[in-house]
Amino acid sequence: MAAPVSASLAPRVSLPPRVRPAAAASSRGLDLVSLSGRRHRHLRPRRSPSPAGIAAASSPSVPSPSGVGDALGGVEIYSAATGEPVLFRDLWDQNEGMTVVALLRHFGCPCCWELAAVLRDTKERFDSAGVKLIAVGVGTPAKARILAERLPFPLEYLYADPERKAYDLLGLYFGIGRTFFNPASVKVFSRFDSLKEAVKNYTIEATPDDREGVLQQGGMFVFKGKELLYARKDEGTGDHAPLDDVLNICCKVPVA
């Protein structure tokens with residue numbers, strides 16, 4: 001992982017010569033759009049890029065905005081606490097339950113540690129509003145536990161997606177350009193103190209063994225049952241969703 005922070009905070013990561021066939025500067029399937037007359041931000045299908053050089057068999061099936069909840073519900077991830085597989089649909093009430101699904105980058109990303117710290121510190125507010133927090137990162141449950149123990153972060157709300165299945169389904173950005181050269185990453189400089197505090201106990205050992213995972217970007221999603229209320233894809237490393245936007249959605253919508 002590399003991010004626009006000082007060299008003392010950003011470890012040097014050796015990348016493999018081959019990356020995913022998806023275009024580095026594009027997402028794999030979904031764009032975000034604000035619907036007029038509503039506060040909620042939703043996903044809409046994105047036109048596929050030219051098929052040249054992209055294997056159709058490897059392209060993820062993109063759900064429609066109304067089907068995101070159902071599609072994500074069938075994705076299997078792993079509990080950081082137990083290492084056991086679990087489906088998204090089993091993590092919250094699929095009828096009326098309110099949840100924030102935070103897809104972090106990989107567990108060895110300093111910016112991921114910063115976002116996890118912010119979510120941890122906001123959890124009391126989520127709890128008081130009846131909102132469940134689900135934080136997911138790229139890597140194995142063992143890598144997730146490194147972050148949880150050293151940050152620290154509550155294990156019962158942390159999950160691992162080593163194959164990036166949820167990231168693929170939601171069309172989150174991936175590639176060298178997004179990870180290292182996107183202009184959106186400059187906002188990290190405005191949070192330097194927060195980042196420095198979050199990585200006091202940082203270790204590069206939390207980085208996925210599959211180094212391709214360091215090229216994955218994250219995103220933030222709010223659901224009420226299966227209904228998607230808010231969605232935002234990180235444009236680049238450290239380009240996290242504004243927390244006030246998330247709180248305005250999840251903590252003001254009535255919870256059954």
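# Exercises on a predicted chain

Strand β5 (residues 98-106) and β8 run antiparallel and are joined by six bridges. Helices (H or I, at least four residues) and strands (E, at least two) are DSSP runs, numbered from the N terminus. Residues are numbered from 1 along each chain as its sequence is written. The model is predicted, so local features need pLDDT of at least 70 and side-chain atom pairs count only at pLDDT 80 or more, while totals for chains, interfaces and linings use all residues; side-chain values use heavy atoms, with hydrogens and water left out.

## Exercise 1: the sheet

Task: Give the strand order of the open sheet and name its edge strands.

Solution.
1. Two strands pair if DSSP finds at least two bridges between them.
2. The sheet has seven strands in the order β4-β3-β7-β6-β5-β8-β9, and the pairing is mixed.
3. β4 (85-87) and β9 (227-233) each pair on one side only, as edge strands.
4. Neighbouring strands are turned by 30° against each other on average, direction ignored. Axes are lines fitted to C-alpha atoms, for helices over the stretch in contact, and angles run from 0 to 180 degrees between N-to-C directions.
5. As a residue-level example, alanine 102 has methionine 220 in β8 as its bridge partner.

## Exercise 2: helix α3

Task: Find which residues of α3 are buried, and what covers them.

Solution.
1. Buried means under 20% relative accessible area, exposed over 50%, partly exposed in between (1.4 Å probe, protein chains only).
2. In α3 (residues 141-150), the buried residues are Pro141, Lys143, Ala144, Leu147 and Ala148.
3. These residues lie on the same side of α3, because they cover an arc of only 160° around the axis. The arc is that of the directions from the helix axis to the C-beta atoms.
4. The cover over them includes β3 (76-79), α2 and β7 (158-160). Contact means heavy atoms within 4.5 Å.
5. α3 packs on the sheet by touching β3 and β7, and its direction makes about 150° with that of β7.

## Exercise 3: the nonpolar cores

Task: Which members of the largest nonpolar core touch the most other members, and which helix gives the most to this core?

Solution.
1. A nonpolar core is a set of buried Ala, Val, Leu, Ile, Met, Phe, Trp, Tyr and Cys residues joined through side-chain atoms within 4.5 Å.
2. The largest core has 40 residues, and Val100, Leu119, Leu147, Phe153, Leu158, Met220 and Val222 touch the most other members.
3. Helix α2 (residues 110-128) gives the most, with eight residues.
4. Leaving aside residues up to four places away in sequence, Leu119 touches Ala102, Leu104, Phe126, Leu133, Phe153 and Met220.
5. Another core, of 23 residues, lies apart from the largest one; Tyr159, Phe221, Phe223 and Ala231 are among its members.

## Exercise 4: two lysines

Task: Is lysine 123 buried or exposed, and is lysine 200 buried or exposed?

Solution.
1. Lysine 123 is in helix α2. Its relative accessibility is 10%, so lysine 123 counts as buried.
2. The side chains of lysine 123 and aspartate 127 are joined by a polar contact of 2.7 Å. A polar contact is a pair of N or O atoms within 3.5 Å; within protein, one must be able to donate a hydrogen and the other to accept it, and residues adjacent in sequence count only if both atoms are side-chain atoms.
3. Lysine 200 is in the loop between α6 (192-198) and β8 (219-224). Its relative accessible area is 58%, so lysine 200 is exposed.
4. The side chain of lysine 200 makes a polar contact with that of glutamate 197, at 2.9 Å.
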